[in-house]
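Let us walk through this structure together, one region at a time. Please have the sequence and the 3D view open as you read.

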Amino acid sequence: MMSCRFLLAAIAACLLCACSATLSSATPGGDAPTLLLVSLDGVHPDMLGRGDTPHLDRLAREGVRAAWMQPSYPALTFPNHYTLVTGLRPDRHGMVHNAMYDDDLGAFALKDRDAVGDGRWWGGEPLWVTAERAGLPTATMFWPGSEAPVQGVRPTRWYPYEDGLALEVRIDRVLGWLSEPAATRPRLATLYFEHPDHAGHGYGPDSPQLHAALRDVDAAIGDLLSAIAARGLRDRVNLVIVSDHGMAPVPAGQVVAVEDMVDPADAQVVSTGQVVGFRPRPGREAAAAAALLGAHARYDCWRREALPARWQYGQHPRVPPIVCQMHVGWDAVPRANLARRPDRTRGSHGYDPAAPEMRAIFIAHGPAFRSGTELPGFDNVDVYPLLARLLDVEPAEHDGDARTLLPALRDDR
Ligand code: AMP
Ligand code: ZN
Ligand code: ZN
């Protein structure tokens, strides 16, 4: 009898031991997973599943993928990256273009470090600000907006943007963060790759250069995944992989000189490319309007108040008085740049976000997500409420719909 009772106690003790060991290895320190938000600039859903991206394809297959994600207007990098982390349309968060003019702040350009790092350009409340205020550490391996104090708050750790920084360096930094103890490990981290965008612009979306950039970025993600698995961190990371927009081919010669759109004496050019903004010069308003407004062979122009409603664009004071939208496959550049343009197909984005070429990607994988789930296309403002939910923080006011991505979640209550 005695020995049997002893045996039972020993078995119970062993079970208890095994149980606590399992618990601690599944959730080290009992802490919550890190949300890792990855952006692959300029990647279209059709670029996946073509043999260049085995690791992304596996994540998409084993986790959640959307048929596509529609960017917000304008389909450019800064406006859409900032929409993804605020859930606000660019017209509401104020990053209305990569190139802007503000009556108080002057000009904004991507390459202007002072402007990019000036919180006054960045409206709304990015997710890392909400998280930091809730006491959750955040860290960014590049993300538009992360270099500026927004509402006085920056991520705990962030880096000034460095074009071309080696992929391994980025991966190593993120891996270092994921491996930290619960007290310092970021609960939200970002990782950004510009490579597909660069190759797409230079040589077009179906170029060998774009295929090579996809393979490089995919291999880097593969390395990150292997290291996460090798360190036993798989249950500690929820991955959300997105792009900001797709890419359309621009055949050689499909370009308009902005000076041919309107006489520079009648209107000042605020932005070129695909979403071309003009400020009529004082006293020349009628001449500028006569030259620009309406439909043209390669573009259409509106007063900002009259832009198509579906773009939800034109209220913010930074939107120029006249906006011209280039047709898919056409660019507008200053005449001085025409001579430097290589005589080959290249790529552009910034076209109507409803154009299929502008579609972006969405993939999610990790303990919070279902397996083998494909979702229909959705708007990129809907990502933000999902991210807020994964961090268990109260989302700020936003333009998204929290219900869109509930089917992605294991716990969808
Ligand atoms: P675009 O193609 O004009 O929309 O601009 C995209 C480019 O912006 C990318 O290819 C990057 O080189 C650049 N970029 C991305 N993030 C940042 C950043 N945080 N600061 C400055 N430039 C950036
Ligand atoms: Zn981009
Ligand atoms: Zn681009």
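Two strands are said to pair if DSSP finds at least two bridges between them. Helices (H or I, at least four residues) and strands (E, at least two) are themselves DSSP runs, numbered from the N terminus. Before we use these terms, a word on the model: it is predicted, so local features need pLDDT of at least 70 and side-chain atom pairs count only at pLDDT 80 or more, while totals for chains, interfaces and linings use all residues. Residues are numbered from 1 along each chain as its sequence is written, chains are lettered from A and ligands numbered from 1 in the order in which they are written, and side-chain values use heavy atoms, with hydrogens and water left out.

Let us begin with a sheet. Five strands form an open sheet in the order β11-β12-β15-β14-β13, with antiparallel pairing. Its edges are β11 (267-271) and β13 (294-295), each of which pairs on one side only. Starting from the β11 edge, 4 bridges link β11 to β12 (residues 275-280) in the antiparallel sense, and Ser271 has Gly277 of β12 as its bridge partner. Next, β12 and β15 run antiparallel and are joined by 4 bridges; here Val275 stands opposite Gln325. On the way to the other edge, 5 bridges join β15 to the antiparallel strand β14 (residues 299-303), where Asp300 has Gln325 as its bridge partner.

How many residues of strand β15 (residues 322-326) are buried? The count is 5 of 5, where buried means under 20% relative accessible area, exposed over 50%, and partly exposed in between (1.4 Å probe, protein chains only). Ile322, Cys324 and Met326 cover one face of β15, and Val323 and Gln325 the other.

Now for the empty spaces. On a 1 Å grid over the protein atoms alone, a cavity is a set of points where a 1.4 Å probe fits but cannot get out; a pocket is an open set with protein on both sides within 12 Å along at least five of seven lines; and lining residues have an atom within 4 Å of a point. Grid points are joined across faces, edges and corners, and a volume is the space filled by probe spheres set on the points.

The largest cavity has a volume of about 40 Å³. Its lining includes Ser271, Val275, Gly277 and Val323, which we met in the sheet, as well as Val96 and His97.

The largest pocket, at about 1,300 Å³, is lined by 38 residues, with Asn98, Leu110, Lys111, Asp197 and His201 nearest its centre. Domain 1 (34-247 + 354-408) and domain 2 (255-341) both contribute to the lining, so the pocket lies between them; these bounds come from an automatic or database domain assignment.

Two of those central residues lead us to a metal. The zinc ion (ligand 3) is coordinated by Asp197 (OD), Asp197 (OD), His201 (NE2) and His349 (NE2), at 2.0 to 2.6 Å. Donors here are N, O and S atoms within 2.8 Å of the metal (3.2 Å for Na, K and Ca), and sites may look incomplete because water is not among the atoms. Asp197 lies in helix α8 and His349 in the loop between β17 and β18 (362-365), so the pair ties together parts that are 152 residues apart in sequence. Asp197 is buried, with a relative accessible area of 8%, and His349 is buried at 4%. Finally, look for the zinc ion (ligand 2), 4.1 Å from the zinc ion (ligand 3).
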